[in-house]
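Colleague: I am new to this one. Can you take me through it, question by question?

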Amino acid sequence: MSDVPILKETTRSTGREALRNNITAAMALAGAVRSTLGPRGMDKLLIDDEGRTMVTNDGVTVLESAQVEHPVAKMLINASTTQDRIARDGTTSAVLFSAELLQNAWELVLQGVHPSAIGRGYRMAESACRERLNTLVIEATPERQRRATETSLAGKIHSAMQTHLAEVAHEAAKAVVEERNGDVVADPTRVKVLTNVGGQMADSHLVTGLSLPKKRVTSSMPRRLSAGRIALIDGGLERKGLMSDVKLNVTSSGMLEAFRAKERTLLLEQIDHLKSLGVTLLACKEGIDDDLHRVLAEAGIQAFRRVARADLDLLARGCGARLNLNVKALTRDDIGVFIESRNERVNGKDRWTVDTEEGGATFIACGSTSDTVGEVERCFADALGVACQLLEEPSLLAGGGATQIALARHLRRHAETIPGREQLAVEAYADALEVIPRTLAENAGLDPLDTLLRVVSQQAQGTDHAHFIGLDVLEKQPANMLDLGVVEPLRITQQVLAGATEAALSVLRIDDVLWAKQDPTEPELEPNED
Ligand code: ADP
Ligand code: MG
């Protein structure tokens, strides 16, 4: 086979060997994030190739910064990135669970079960779990929503900040929630984050409206405007620089002045156009000609230049305006409205804040060093993601491994009804779910197996709300997670199940791996040198 020319330049592993190698890679990856799971999880110090450091407890951050080459490990990292995008949380859980599914599959393969039977069993198990989840869901009251947001921060930042950030994230989420075609939509990207190195973490706060670290082009412009119209330019208000290959044939002495005067008239016409549209606030992506600063100020216009495109987009959404490439093309429909625009100095830094009808909010992340500010920023992003999600879909599940244990118990009963070899796969799926409570126990310094058994037996003995019993990692004993306020959005677990199952199934389907041989010690030859 290896005589086939295309395979000459590759190393190849097939069948069981391929599967074993792939699963080893998946387990190694899970090993890298295992110790970060849960509030008792440890932090990782990441160092990039330029020596910059970051301390984090976030699974997806660890994985994305690791320069992983193995294609299967990359597939799991993808699953974790998708988890982050869809549910904003549960990234470590997704990787641990998919690696565990693969490990358990390998044990079944050794017993002679074919990977495709395992695949079918895993699918059955996933759909049984999805159905079961509906019976485990708890309604997210506002108080529980706050607690769920705090749970998402557990272990990532100290507890006073967890409470503070959870509250701020909820306020921010409420500021951007809207109704679109009958659906409630809370888009976290509508919340702007500003960083402020120098203060205390606890000074981090929310301001209404959109705030940017900007100063108006001249201080003779008004500092504060109330209720007016805004124009957004995805370009500049400048003289056109001559292109390098343009020749200007100056034949008479006054010609250059005439040329300059014409340019200036064209710019002034643009300002007249702004005035005729009633614009009092102007933001441009590029520059504003120095000559125009005074003219704009005299027209009572507050103008800002070099505003990032992303910020212009946020302004456009908040003010109901449309971006245009230049002023001349502006029509009445492109103009938006604002309630107030103020340019002030806060702690020695310029800040421009625009309040609009459409709400919007800005989170000011503070901290004494850029590392701590970064930490606050990341934690806020997580908390905001969870808060927004809960406004869109107010359903919760119990955390602390309670839900996974309840699902595993359900699956084991369900497995008994399946006649074929898929039964074994459904049981393996149940075992894999328990990786979450086992790892939570391990990271809390408890014996994983004994702890798991204690929780399972309490759920089995329990009455109505037994499926809420999980592991309280702080008190190190089984407890009702609902009473403790350890709750999580339904979407996290739904996505962990779907994403991890999908990733595991794709790995199980591979039975042939071809690696291109890349030997860096051999210089690359020119094609016809030999
Ligand atoms: P992930 O990246 O998967 O979200 P985390 O490190 O955030 O990983 O850990 C989440 C897990 O920690 C969830 O299973 C959650 O239920 C659990 N957890 C959070 N707080 C507690 C707590 N106080 N007691 C027990 N488990 C908790
Ligand atoms: Mg989390």
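What follows is a short exchange on domains, their contact and two backbone angles.

Colleague: Which stretches make up domain 3?

Modeller: This is a predicted model. The domain assignment splits the chain into parts, each built from two stretches. Domain 1 takes 10-138 and 397-516, and domain 2 takes 141-209 and 362-393. Domain 3 is made of 211-244 and 253-358.

Colleague: How many residues does domain 2 give to the contact with domain 1?

Modeller: The centres of domain 1 and domain 2, taken over C-alpha atoms, are 27 Å apart. In the contact, domain 1 supplies 25 residues. From domain 2 come 18 residues.

Colleague: Which three residues supply 32% of the area that domain 1 buries against domain 2?

Modeller: Between domain 1 and domain 2, about 1,700 Å² is buried. Carbon and sulfur atoms give 48% of that area. On the side of domain 1, no other three residues supply more than this trio. They are Arg88, Pro489 and Arg491.

Colleague: What is the N to O distance in the salt bridge between Arg491 and Glu392?

Modeller: Three salt bridges are counted between domain 1 and domain 2. Six residue pairs are in polar contact there, with both residues at pLDDT 80 or more. The side chains of Arg491 and Glu392 form a salt bridge, with an N to O distance of 3.3 Å.

Colleague: How many charged residues are on the side of domain 1 that touches domain 2?

Modeller: Several elements give two or more residues to that side, including helix 4 (71-87), strand 20 (487-489) and helix 18 (490-509). By class, 13 residues are nonpolar and six are polar. The charged residues number six.

Colleague: Is Arg88 buried, partly exposed or exposed?

Modeller: Arg88 sits in the loop between helix 4 and helix 5 (91-110). Its phi is positive, about 65 degrees, although Arg88 is not a glycine. Most residues other than glycine have a negative phi. Buried means under 20% relative accessible area and exposed means over 50%, so Arg88, at 26% relative accessibility, counts as partly exposed.

Colleague: And Asn347, is that residue buried or exposed?

Modeller: Asn347 lies in the loop between strand 14 (336-346) and strand 15 (349-355). Phi of Asn347 is also positive, near 50 degrees, in a residue other than glycine. The cut-off for exposed is over 50%. Asn347 has a relative accessible area of 66%, so Asn347 is exposed.

Technical notes:
Residues numbered from 1 in each chain as written. Chains lettered and ligands numbered in written order. Predicted model: local features only at pLDDT ≥ 70, side-chain atom pairs only at ≥ 80, totals over all residues. Heavy atoms only, no water. Domains from an automatic or database assignment. Contact = heavy atoms within 4.5 Å. Buried area = accessible area lost by both parts, 1.4 Å probe. Salt bridge = Lys/Arg side-chain N within 4 Å of Asp/Glu carboxyl O. Polar contact = N/O pair within 3.5 Å; in protein donor to acceptor, adjacent residues only side chain to side chain. Helix = DSSP H or I, 4+ residues; strand = E, 2+ residues; numbered from the N terminus. Nonpolar A, V, L, I, M, F, W, Y, C, P; charged D, E, K, R; others polar. Buried < 20%, exposed > 50% of the residue type's maximum accessible area, 1.4 Å probe, protein only.
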